[in-house]
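Biologist: I have a structure open on my screen and would like to learn how to read it, feature by feature. Could you walk me through it?

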Amino acid sequence: MAAAKTSLFQFPFPFPVDVGKGKPFHIKWWTRKRCPSLFLRRIRAQGAVTVRELNGISFPSQTEADLQRDSISLLNERIRRDHSKRDSSSSRPSMDSEEADKYIQLVKEQQQRGLQKLKGDRTEGTTGGAFSYKVDPYTLRSGDYVVHKKVGIGRFVGIKFDVPKDSSQPIEYVFIEYADGMAKLPVKQASRMLYRYNLPNETKKPRTLSKLNDTSAWEKRRIKGKVAIQKMVVDLMELYLHRLKQRRPPYPKTPGMAEFASQFPYQPTPDQKQAFMDVEKDLMERENPMDRLICGDVGFGKTEVALRAIFCVVSAGKQAMVLAPTIVLAKQHFDVISERFSTYPSIKVGLLSRFQRFGVKQKEKIASFKTSVDVLTLSATPIPRTLYLALTGFRDASLISTPPPERVPIRTHLSSYSKEKVISAINYELDRGGQVFYVLPRIKGLEEIMEFLEQSFPHVEIAIAHGKQYSKQLEETMEKFAQGNIKILICTNIVESGLDIQNANTIIIQDVQQFGLAQLYQLRGRVGRADKEAHAHLFYPDKSLLSDQARERLAALEDCRDLGQGFQLAERDMAIRGFGNIFGEQQTGDVGNVGIDLFFEMLFESLSKVDEHRVVSVPYQSVQLDMNINPHLPSEYINYLENPLEIIDEAEKAAEKDIWSLIQFTENLRCQHGKEPYSMEILLKKLYVRRMAADLGITRIYASGKMVGMETRMSKKVFRLITDSMASDMHRNSLVFEDGLIKAELLLELPREQLLKWIFQCLAELYASLPALIKY
């Protein structure tokens with residue numbers, strides 16, 4: 001039979017086909033509403049027709065992909081994309097509004113404590129609890145890029161005297177070049193409005209300069225950055241709330257703890273004592289799992305804080321796990337812990353190691369094994385993401401900045417590479433009976449350096465260590481170096497973390513431009529652990545070949561020569577390296593919209609007002625949808641559904657539970673029965689509208705002529721944030737907020753089904769902003 005040009009399948013047989021569920025089904029419904037490919041699979045699976053007979057089918061012009069791109073599917077996809085797994089009802093902390101009030105107040109108090117921990121010169125700009133990253137105009141150089149909070153990105157030209165229109169006395173003006181002209185503003189005003197424009201990558205050049213006479217593009221960029229910041233704040237907030245919700249009984253204080261502490265062979269510094277007390281309080285007085293950062297310079301006694309925490313835990317019959325980033329450090333910790341616990345035969349110490357370094361993913365994977373685990377993080381230069389959490393108060397932190405009495409600052413030498421300088425540095429250390437670390441950024445090149453040093457020091461024991469060696473070989477090499485049998489160790493940055501070899505007091509780092517600032521600081525900390533003056537020689541190939549970022553990194557390392565400056569150094573590293581390692585690549589792009597400094601200030605401002613961006617949901621059943629629209633399902637569809645009333649009741653229950661249940665129900669319905677008819681789509685949209693309204697705190701939706709009204713409990717600030725983040729100009733521009741009522745004035749009065757479609761799309765736009773709001 002020839003295929004007719006119609007939206008129906010044409011069959012050579014005029015009878016019902018058994019498509020499953022043990023009942024015949026008429027072709028008309030399948031051909032009109034279901035996707036062709038699914039139809040073919042089902043009837044072929046039933047053996048109803050042969051492949052030859054299927055050749056007589058004419059497919060409809062609309063494809064399966066077209067059918068799936070309806071507004072409900074698009075909404076489902078967006079929600080899945082925008083909401084990470086932690087936002088699902090199964091992982092988000094469940095709490096009522098009163099409980100949330102208590103926890104949000106705790107977060108605000110934590111945040112204020114976090115701001116007080118900020119170190120560095122910028123704290124001078126702190127006023128009234130706010131945190132300022134504004135730039136002093138006199139520190140700018142011609143050609144530097146700056147950001148004016150209201151105008152946007154420009155290029156600094158210089159500071160010159162000029163006479164204002166209403167005065168005869170000249171004053172200093174800051175001159176800034178924009179895309180469409182030159183702007184000048186008094187220095188006092190500039191100091192209140194300007195920020196340095198830095199980007200989180202090698203280049204510091206913005207994509208384009210802003211326009212003086214058209215600030216709309218800049219305003220969009222600023223709002224985009226603001227919304228991105230708010231989403232990050234909510235992420236942190238919900239993670240912190242989740243941690244506050246966890247419970248475990250406090251650990252008992254045992255008499256044996258004082259005896260264990262007395263075995264520490266050194267006199268603790270004041271900062272160390274405070275860290276001991278902080279951890280003791282976390283473990284023995286709190287019911288929330290500990291999550292504390294111990295930030296102390298190399299050799300300042302962080303390990304002892306961890307050992308006492310371990311003793312507290314294992315004394316209560318629990319287990320403790322010590323994670324180290326490298327096998328070398330794991331072995332060293334194993335030796336230290338084994339020796340310290342050797343007088344406690346009931347406490348067993350084991351070592352488990354493989355070649356891998358632990359990053360954020362590995363740590364989070366291990367932490368996810370048990371959500372109530374106590375976590376103590378030790379670091380001399382905490383990674384920027386960890387430091388950020390400590391600074392903003394979402395994580396407890398103890399700072400050990402007092403050096404032990406016998407510690408001497410490390411002398412840092414920064415210069416271009418030459419073999420003569422290397423030989424001189426090594427000779428100096430060997431002549432005083434010491435040992436040398438020689439560090440390269442890659443495994444490739446180690447053998448070449450080995451050959452050079454063997455020729456230069458033929459009677460000196462030299463060895464190579466890197467992460468690709470067999471475990472046994474690496475362990476033996478490190479053991480010989482620790483015992484003093486190997487005098488020069490050529491290695492990669494596998495030795496950067498925590499190694500304590502008292503007799504190694506010179507480190508040579510080649511190609512320093514390829515290391516991160518925190519890496520260099522850690523590597524430098526491998527020496528200077530005894531009472532000898534230690535030396536760190538940092539060599540670069542040619543300074544003219546270094547990037548601006550690499551030069552800044554090295555200058556920062558030279559500036560932070562004093563003991564105890566690892567904390568400040570990591571803050572510098574955060575500014576230099578950017579946000580890629582803190583918040584991920586998406587936020588790195590958002591930083592590019594406004595620059596790091598303005599981004600930071602907006603971030604702290606958002607943190608200080610975290611309780612103002614809170615939406616309180618309402619029960620689903622309390623949402624009134626005052627629209628007289630009750631479509632009837634086609635008889636063919638009713639006949640196909642086994643229990644239509646049960647299915648509709650199931651849909652209502654899913655919508656009442658949460659948006660995820662409704663999404664799951666809709667997708668299952670379509671998977672089992674294909675794309676629903678238009679009337680069923682209307683019913684689903686009504687459920688989606690009520691569910692989204694409930695989550696947004698909207699209690700009633702109604703229409704009066706061309707006006708649509710939505711009664712809501714949200715504040716005006718929340719409404720402004722929501723509309724700022726809306727992608728659709730059409731919906732954003734049509735909405736106004738008046739006394740708990742969101743109103744939209746339409747161009748004309750719409751038919752009921754078209755009106756429902758508009759409301760669905762509008763709420764979908766509003767709903768997309770939920771990731772930027774606290775949802776309790």
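Modeller: Gladly. Keep in mind that this is a predicted model. Let's begin where a helix stops: right after helix 26 comes glycine 674, with a positive phi near 80 degrees.

Biologist: What caps the N-terminal end of helix 26?

Modeller: That role falls to aspartate 658, which has a side-chain oxygen 3.1 Å from the backbone nitrogen of tryptophan 660.

Biologist: How many residues does helix 26 have, and what does it reach from its first C-alpha to its last?

Modeller: Helix 26 covers residues 659-673, which is 15 residues, and reaches 21 Å. That is close to the 21 Å expected at 1.5 Å a residue.

Biologist: Which residues of helix 26 are buried, and what do they pack against?

Modeller: The buried set includes Ile659, Trp660, Leu662, Ile663, Phe665 and Leu669, and also Arg670 and His673. As partners, the buried residues of helix 26 have helix 5 (71-82), helix 24 (635-640), helix 25 (644-657), helix 27 (678-695) and helix 30 (752-767).

Biologist: Arginine 670 catches my eye. Which side chain makes a polar contact with the side chain of arginine 670?

Modeller: The side chain of glutamate 676 does, at 2.6 Å. Glutamate 676 sits in the loop between helix 26 and helix 27. With a relative accessible area of 2%, glutamate 676 is buried, because the cut-off for buried is under 20%. Leaving aside residues up to four places away in sequence, glutamate 676 touches Tyr637, Arg670, Glu681 and Leu684.

Biologist: Back to phi for a moment. How should I read a positive value?

Modeller: Most residues other than glycine have a negative phi. With that in mind, look at aspartate 511, which is not a glycine and yet has a positive phi of about 55 degrees. Aspartate 511 belongs to the loop between strand 15 (504-510) and helix 18 (517-524), and is partly exposed at 21% relative accessibility.

Biologist: And where is aspartate 739, and is aspartate 739 buried or exposed?

Modeller: Aspartate 739 is in the loop between strand 20 (735-738) and strand 21 (741-745). Aspartate 739 is exposed, with a relative accessible area of 82%, and its phi, near 50 degrees, is also positive.

Biologist: Now the aromatic rings. How do I describe a pair?

Modeller: A pair of aromatic rings is described by the distance of the centres and the angle of the planes. In this model the count comes to 11 aromatic pairs. Take phenylalanine 264 and tyrosine 266: their centres are 5.7 Å apart and their planes make 70 degrees, an edge-to-face pair. Phenylalanine 264 is buried at 15% relative accessibility, whereas tyrosine 266 is exposed at 57%.

Another edge-to-face pair joins tyrosine 417 and phenylalanine 539, with 5.8 Å from centre to centre and 90 degrees between the planes.

Biologist: Why does the pair of tyrosine 417 and phenylalanine 539 tie together parts that are apart in sequence?

Modeller: Tyrosine 417 lies in the loop between strand 11 (411-416) and helix 15 (419-431), while phenylalanine 539 lies in strand 16 (residues 535-540), so the pair links parts 122 residues apart in sequence. Phenylalanine 539 is buried, with a relative accessible area of 1%, and tyrosine 417 is partly exposed at 27%.

Biologist: What does arginine 411 touch?

Modeller: Arginine 411, in strand 11, touches Glu533, Ala534, His535 and Ala536, not counting residues up to four places away in sequence. The C-alpha atoms of arginine 411 and histidine 535 are separated by 4.9 Å, although these residues are 124 residues apart along the chain. Arginine 411 is partly exposed, at 44% relative accessible area.

Biologist: Which residues do ring pairs link into a cluster, and which ring has the charged end of arginine 340 over it?

Modeller: The cluster consists of Phe260, Phe311, Phe341 and Tyr344. The charged end of arginine 340 sits over the ring of phenylalanine 260, 4.2 Å from its centre. Likewise, lysine 184 lies over the face of tyrosine 173, at 4.6 Å from the ring centre.

Biologist: How many disulfides does the structure hold?

Modeller: Zero. Among the cysteines, cysteine 312 is buried at 2% relative accessibility, and cysteine 491 is buried at 0%.

Biologist: To finish, what does the secondary structure of the chain come to?

Modeller: The chain has 30 helices and 21 strands. Of its 776 residues, 51% are buried.

Technical notes. Residues numbered from 1 in each chain as written. Heavy atoms only, no water. Helix = DSSP H or I, 4+ residues; strand = E, 2+ residues; numbered from the N terminus. Expected span 1.5 Å × (residues − 1). Buried < 20%, exposed > 50% of the residue type's maximum accessible area, 1.4 Å probe, protein only. Contact = heavy atoms within 4.5 Å. Polar contact = N/O pair within 3.5 Å; in protein donor to acceptor, adjacent residues only side chain to side chain. Phe/Tyr/Trp six-rings, centres within 6.5 Å; stacked < 30°, edge-to-face > 60°. Lys NZ or Arg CZ within 6 Å of the ring centre and 35° of its normal. Disulfide = S-S within 2.5 Å.
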